[in-house]
Number of protein chains: 2
Amino acid sequence: MSVVYERVALIGLGLIASSMFWAIKRSGLANEVTGFARSAETRQTARRIGLCDRVCETAKEAVEDADLVVLCVPIGAMEAIAKDISSVLKQGITVSDVGSVKRAVIDAVTPSIPNNVHFIPAHPLAGTEHSGPESGFASLFDNRWCLLVPPEDADQGAIDKLSAFWQGMGSNVDQMDADHHDLVLAVTSHAPHLIAYTMVGVADDLRRVTDNEVIKYSAAGFRDFTRIAASDPTMWRDVFLTNKEATLEILGRFTEELFALQRAIRQSDGDHLYDYFTRTRSIRRGIVEAGQDTDQPDFGRSANADRDGK
Amino acid sequence: MSVVYERVALIGLGLIASSMFWAIKRSGLANEVTGFARSAETRQTARRIGLCDRVCETAKEAVEDADLVVLCVPIGAMEAIAKDISSVLKQGITVSDVGSVKRAVIDAVTPSIPNNVHFIPAHPLAGTEHSGPESGFASLFDNRWCLLVPPEDADQGAIDKLSAFWQGMGSNVDQMDADHHDLVLAVTSHAPHLIAYTMVGVADDLRRVTDNEVIKYSAAGFRDFTRIAASDPTMWRDVFLTNKEATLEILGRFTEELFALQRAIRQSDGDHLYDYFTRTRSIRRGIVEAGQDTDQPDFGRSANADRDGK
């Protein structure tokens with residue numbers, strides 16, 4: 001793999017930015033990667049673990065002379081950081097981001113982008129339940145999708161270059177418009193996260209079942225929800241505040257469907273339940289066939305879940 | 001490990017029974033294990049893969065001379081199978097089951113248990129999204145909990161023997177009364193399963209987002225739901241039909257909480273969301289600390305998710 005951008009600046013040093021750094025280094029996609037984080041503690045951690053070639057004390061210093069600037073901060077922090085760096089962006093460079101909601105990021109960042117700078121929003125669909133500068137790893141994006149959401153008048157050369165960069169980090173790349181992105185993600189990510197958070201909150205709240213029982217007996221299904229509900233609270237607060245309409249629409253559909261299934265339970269309508277549960281199996285098969293998940297039972301989580309071990 | 005029961009009969013040969021067979025063999029817990037499945041195809045598969053020492057053509061034949069009979073059929077099939085085998089059960093032996101709902105199984109099976117036979121219902125909290133005779137493996141129960149739900153007047157010797165048997169298969173063993181069991185499982189398993197099934201159904205149904213998009217972009221959270229929603233439809237239909245009250249109670253609490261979070265989103269109440277999402281993280285930590293899940297990011301699903309690989 002060869003250098004795509006001479007110098008890359010990562011603003012915000014959490015799970016995504018730190019994974020990007022290791023993925024860039026793995027494939028030699030940039031000659032220098034600078035980094036900035038608002039918190040002094042994060043900057044110190046980054047320096048200690050060798051995250052970024054140079055960790056800067058200000059965002060401005062980090063983006064100076066950068067050919068690609070990637071905003072990796074929570075969505076609610078995008079506007080302020082864009083304003084802050086606006087004046088030092090070089091002509092002809094690209095600014096991008098990794099936010100989980102695209103319309104809100106575009107609205108927040110676009111006003112601060114100089115005319116001669118390309119703004120190509122992006123969203124790598126990858127993550128884990130861990131967060132912070134120490135949670136990143138080089139393979140996070142391998143075979144995951146990265147969605148680019150360029151404005152209509154975007155420069156094709158700038159799009160192609162950013163695509164090559166994400167492909168270099170292991171991603172598959174697609175393009176989509178911002179509103180469709182926000183709807184698709186409401187289905188595949190935002191609604192499931194809110195639902196998982198809700199279920200974990202309910203379990204924690206229930207007085208007649210102790211936390212200890214919930215923890216001990218979680219392997220029966222609940223623990224998969226707790227993984228999702230362990231995700232970064234700041235990031236997710238901002239996702240829901242900024243993808244409000246699409247999330248509420250999907251949650252509305254979800255509630256409607258849940259009520260129908262609750263009624264089927266109450267009325268002992270076994271056929272309705274059986275048909276519904278049969279239909280949902282095929283989506284799983286599709287995901288496994290598309291290489292987006294493992295067919296190993298329990299995600300291969302049980303190290304010994306190996307039929308050869310019989 | 002030494003023999004706990006001379007002869008064990010497994011009635012129904014799906015994921016749980018087949019895993020029990022391999023776990024029994026791994027530790028030498030019985031000298032002979034017989035098996036029966038209603039479907040001729042399942043019996044044929046069992047013979048082909050060496051599942052059970054002897055696969056019988058009738059349930060009666062399988063339980064003849066057994067010292068432990070374990071009913072491993074869907075809950076809705078328990079009553080008929082118990083009636084069928086009732087007349088051939090030896091004096092002093094133990095009948096148990098592995099059903100996910102205990103009150104309903106007790107009501108269905110108890111009338112068919114002769115006076116001189118011990119009935120000790122049980123529920124191993126273990127499983128995967130796969131089903132059928134080929135899905136079992138010896139380590140399924142390792143470090144998972146098995147809940148025994150003995151009647152009040154149960155024979156202590158019979159309870160101890162069944163405990164030793166499950167411990168021999170790798171489980172931790174607890175005791176609980178049937179109604180509390182059904183409530184705890186409604187929280188840790190039944191409600192989460194219904195919610196996962198619902199969300200996957202909604203995604204499949206949504207016309208403005210294609211199935212192809214749902215599949216490609218599932219890694220953002222949704223795919224964990226699809227694993228749960230790929231579970232056996234017959235088993236889960238029966239769970240919801242027989243643990244109706246507890247499941248509906250928990251779903252009611254869930255909906256109430258979901259509505260509160262939806263309102264927080266609508267009203268842009270970021271603090272409420274942030275506080276809620278912070279609280280749910282601690283349950284996850286408890287589960288990992290209790291050895292009921294891995295702390296590896298993404299369940300260790302990404303083979304390369306290894307910080308050493310930076």
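Reader: Let's start with the open sheet of 6 strands in chain B: what order do the strands have?

Author: The order is β3-β2-β1-β4-β5-β6 in chain B, and the pairing is parallel. Strands here are DSSP runs of E with at least two residues, helices are runs of H or I with at least four residues, and both are numbered from the N terminus; two strands pair if DSSP finds at least two bridges between them. This is a predicted model, in which local features need pLDDT of at least 70 and side-chain atom pairs count only at pLDDT 80 or more, while totals for chains, interfaces and linings use all residues. Residues are numbered from 1 along each chain as its sequence is written, and chains are lettered from A and ligands numbered from 1 in the order in which they are written.

Reader: Which ones are the edge strands of chain B there?

Author: They are β3 (54–55) and β6 (118–119) of chain B, each of which pairs on one side only. Strand β2 (residues 30–36) of chain B runs parallel to β3(B) and is joined to it by 2 bridges, with Gly35(B) standing opposite Val55(B) in β3(B).

Reader: And which strands of chain B does helix α4 lie across?

Author: Helix α4 (residues 78–85) of chain B lies across β1 (5–11), β4 (68–71) and β5 (94–97) of chain B, and runs at about 155° to β4(B). Angles run from 0 to 180 degrees between N-to-C directions, and axes are lines fitted to C-alpha atoms, for helices over the stretch in contact. Two residues are in contact if their C-beta atoms, placed from the backbone, lie within 7 Å.

Reader: What about the open sheet with 3 strands, which way is it paired?

Author: That sheet has the order β7-β8-β9 in chain B, and its pairing is mixed. Its edge strands are β7 (122–124) and β9 (172–175) of chain B, and the twist averages 20° from one strand to the next. 3 bridges join β7(B) to strand β8 (residues 145–148) of chain B, the two running antiparallel, and Ala122(B) has Leu148(B) in β8(B) as its bridge partner. Helix α6 (residues 156–168) of chain B packs on this sheet, touching β7, β8 and β9 of chain B, at about 165° to the direction of β8(B).

Reader: Switching topic: how do chains A and B relate?

Author: Chain A can be laid on chain B with an RMSD of 0.0 Å by a turn of 180° and a shift of 0.0 Å along the axis, so the two copies are related as by a two-fold rotation axis. The superposition is by least squares on the C-alpha atoms of residues with pLDDT of at least 70 in both copies.

Reader: How many residues of chain A are in contact with chain B, and which helix gives the largest share?

Author: 104 residues of chain A are in contact with 104 residues of chain B, and α7(A) gives the largest share of that side of chain A, 19 residues. By class, this side has 52 nonpolar, 27 polar and 25 charged residues, where Ala, Val, Leu, Ile, Met, Phe, Trp, Tyr, Cys and Pro count as nonpolar, Asp, Glu, Lys and Arg as charged, and the others, Gly among them, as polar.

Reader: At what angle do α7(A) and α11(A) pack?

Author: They pack at an angle of about 65°, with their axes 9 Å apart. Among the residues making the contact are Leu183(A) and His190(A) of α7(A), and Ile250(A) and Phe254(A) of α11(A).
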